[in-house]
Amino acid sequence: MKIFSAEQIRAWDAFTIKEEPINGIDLMERAAGACADWIRKNIATSPNIMVLCGPGNNGGDGLAIARLLHKAKFKVSVYLVESTNSSEAFGVNLRRLKTLKVDVVTLRVAADFPTVSKNTVLIDALFGTGVNRPLKNLAAQLVHFINKQNATVISIDMPSGLPADNCVDDGAIVKATHTLSFETYKLTFLLPQNAVYTGSIHLLSIGLSKKYYENTSAAFIKTDEQLINRIYKPRNQFAHKYTFGHAFLYAGSKNMMGAAVLCSKACIRSGAGLVTIHVEPDCEAIIHISLPEAITSSEKDASKTWIKKSAIAIGPGLEKSNGNTQLLNKLLVDWQGPLVVDATALSLLNPLLTKLPLRKTTDLIITPHTGEFEQLFGKTGNDLERLQLAIQKAHSLGCYIILKGHYTFIACPEEPHYFNTTGNAGMATAGTGDTLTGIICGLLSQGYAARDAAILGVYLHGLAGDIAADKISQEALIASDLIDNIGAAFLEISKKKHQ
């Protein structure tokens, strides 16, 4: 799913109006109808609905919704923020509403704010995607008033005060219970610190032009089944193990062999034909017992271990030492195949960052969580700044940066960049990052391009977590459960591809 900017969304509306053709006021009616239908189906027991409208097109949406809900036998009252400058669509819908027996009150000062009784639903139609600066004066007071009420709040298109392409640390922003938006996500919906404002997000279709969607590029993509189906490659029935590559893992140390086991199991489960783990000589038995399908190596000359390997991953459970720093340096300089850098290797990477742009290929993937990202590239002021920095570094360093978290973000050397849609809070537990590294390395070894391996790997990892959580709960989920459900995740993807 493409994520369009506020400017692109306005252009989408205009394109639809011209192409269909349809009058702007009729497109607004279509949007209002979709919202009213959702409210009728989901808020059927409310005895009282208050619609709060600003002077622009978002307020026009609210007026149309109020009219449609009144006709559906809801008890509706409307409150308008006083303004000397309202949009044409607002005026049309206000005149339409005034032909009905609906209470319409103009709010001039805070003393005019209504009394909100129990079980009242507040519909926030104050300001939409046009907001580009903090709300002030009466509008800000009204937002704070809304947030103090013990009521269900439904925001239309956007929570008022929240910019579509940014995030904010404070200010007057409606804290919605539900946000009813149209066609596609806004960037702001995917930024963690904005979740307190958006509540549950519901996308409603209003028939905007498919031609515009298909022919307009977007800086950001939200992963979906359609994208994953294009990436996923079913196996050829005449293949053999060497068809699917030989993955090599530098993982584990005396006190952290669990990370090596998790990473290597996930690598095999993701479909790699062979997997070799480089470990200290006295740790090889752990691998043989835990994972008889894997091969071990303790070769001291690192370059000898790369012969005929398809992809390499380094970091999970690795000891932080000068020797491993030298190993990572040698990998970055001498190994020109697909490479995943994670965990301990990320903590060794900072002084070696200048080596990344010198690599001949862009098939390097690094997988930091927020703390590791800050250690590598510095602190940022908010979530959007962190994404922008990840994009900048992915471009300048010529690598893929998987910034782990809810809606894991994949920054690419070139646009577009991707937000993942699978996964859950149960995956916030030790070892899940090691499994992700194994999955991605396994996909790389099978010949997936770095971009596709990152996208599919993160999606598959999250989907396995979702399947596991459905079985045993988020609270009980551990990293091994992800590995146990990689197969089920592949089956689900495969079934969707062939439907």
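User: Before we start, what counts as buried here?
Analyst: Buried means under 20% relative accessible area. One thing to keep in mind is that this is a predicted model.

User: Okay. Is Gly457 buried or exposed, then?
Analyst: Gly457 is buried, because its relative accessibility is 0%.

User: Which helix is Gly457 in?
Analyst: Gly457 sits in helix H17, which covers residues 450-472.

User: And what does Gly457 touch, leaving out residues up to four places away in sequence?
Analyst: With those left out, Gly457 touches Leu436, Ile439, Ile440, Leu443 and Asp452. There's also a C-alpha separation to report: 8.9 Å between Gly457 and Gly442, which are 15 residues apart along the chain.

User: What about His461, where does that lie?
Analyst: His461 lies in H17. His461 is buried too, with a relative accessible area of 9%.

User: Which side chain does His461 make a polar contact with?
Analyst: That would be Thr435: the two side chains are joined by a polar contact of 3.0 Å. Not counting residues up to four places away in sequence, His461 touches Thr435 along with Met427, Thr432, Leu436, Ile439 and Leu482. Leu436 and Ile439 are also on the list for Gly457.

User: Switching to the helices near the start. How do H2 and H3 cross?
Analyst: The axes of H2 (residues 24-42) and H3 (residues 57-71) come within 8 Å and cross at roughly 55°. That angle makes H2 oblique to H3. The crossing is right-handed.

User: Which residues make that contact?
Analyst: On the H2 side they are Met28, Glu29, Ala31, Ala32, Gly33, Cys35, Ala36, Ile39 and Arg40. H3 brings in Asn57, Gly60, Asp61, Ala64, Ile65, Arg67, Leu68 and Leu69. By class, the H2 and H3 contact has 10 nonpolar, three polar and four charged residues.

User: How about H2 and H4, what's the angle there?
Analyst: Roughly 65°, with the axes of H2 and H4 (residues 88-97) coming within 10 Å. H2 passes H4 in a right-handed crossing.

User: Who meets whom between H2 and H4?
Analyst: Ile25, Met28 and Glu29 in H2 meet Ala89, Val92, Asn93 and Arg96 in H4. Those residues divide into four nonpolar, one polar and two charged. Met28 and Glu29 are also part of the contact of H2 with H3.

User: Which peptide bonds should I look at for cis geometry?
Analyst: Look at Glu20 to Pro21, a cis bond with omega about -20°. Pro21 is in the loop between helix H1 (6-19) and H2. The bond from Glu415 to Pro416 is cis as well, with omega near 0°. Pro416 is in the loop between strand E17 (409-411) and strand E18 (417-419).

User: And which non-glycine residues have positive phi?
Analyst: Ala343 is one of them, with phi near 50°, in the loop between strand E14 (339-341) and helix H13 (344-347). Tyr407 is another, with phi near 55°. The place of Tyr407 is the loop between strand E16 (400-403) and E17.

User: Last one, Asn194. Where is it, and is Asn194 buried or exposed?
Analyst: Asn194 is in the loop between strand E7 (178-182) and helix H6 (195-198). Asn194 is buried, with a relative accessible area of 0%. Leaving aside residues up to four places away in sequence, Asn194 touches Leu162, Asn166, Cys167, Val168 and Thr188.

How values were computed:
Residues numbered from 1 in each chain as written. Predicted model: local features only at pLDDT ≥ 70, side-chain atom pairs only at ≥ 80, totals over all residues. Heavy atoms only, no water. Axes fitted to C-alpha atoms, helices over the stretch in contact; angles between N-to-C directions. Helix = DSSP H or I, 4+ residues; strand = E, 2+ residues; numbered from the N terminus. Left-handed = near helix turned anticlockwise from the far one by under 90°. Contact = heavy atoms within 4.5 Å. Nonpolar A, V, L, I, M, F, W, Y, C, P; charged D, E, K, R; others polar. Parallel < 35°, antiparallel > 145°, perpendicular 65-115°, else oblique. Buried < 20%, exposed > 50% of the residue type's maximum accessible area, 1.4 Å probe, protein only. Polar contact = N/O pair within 3.5 Å; in protein donor to acceptor, adjacent residues only side chain to side chain.
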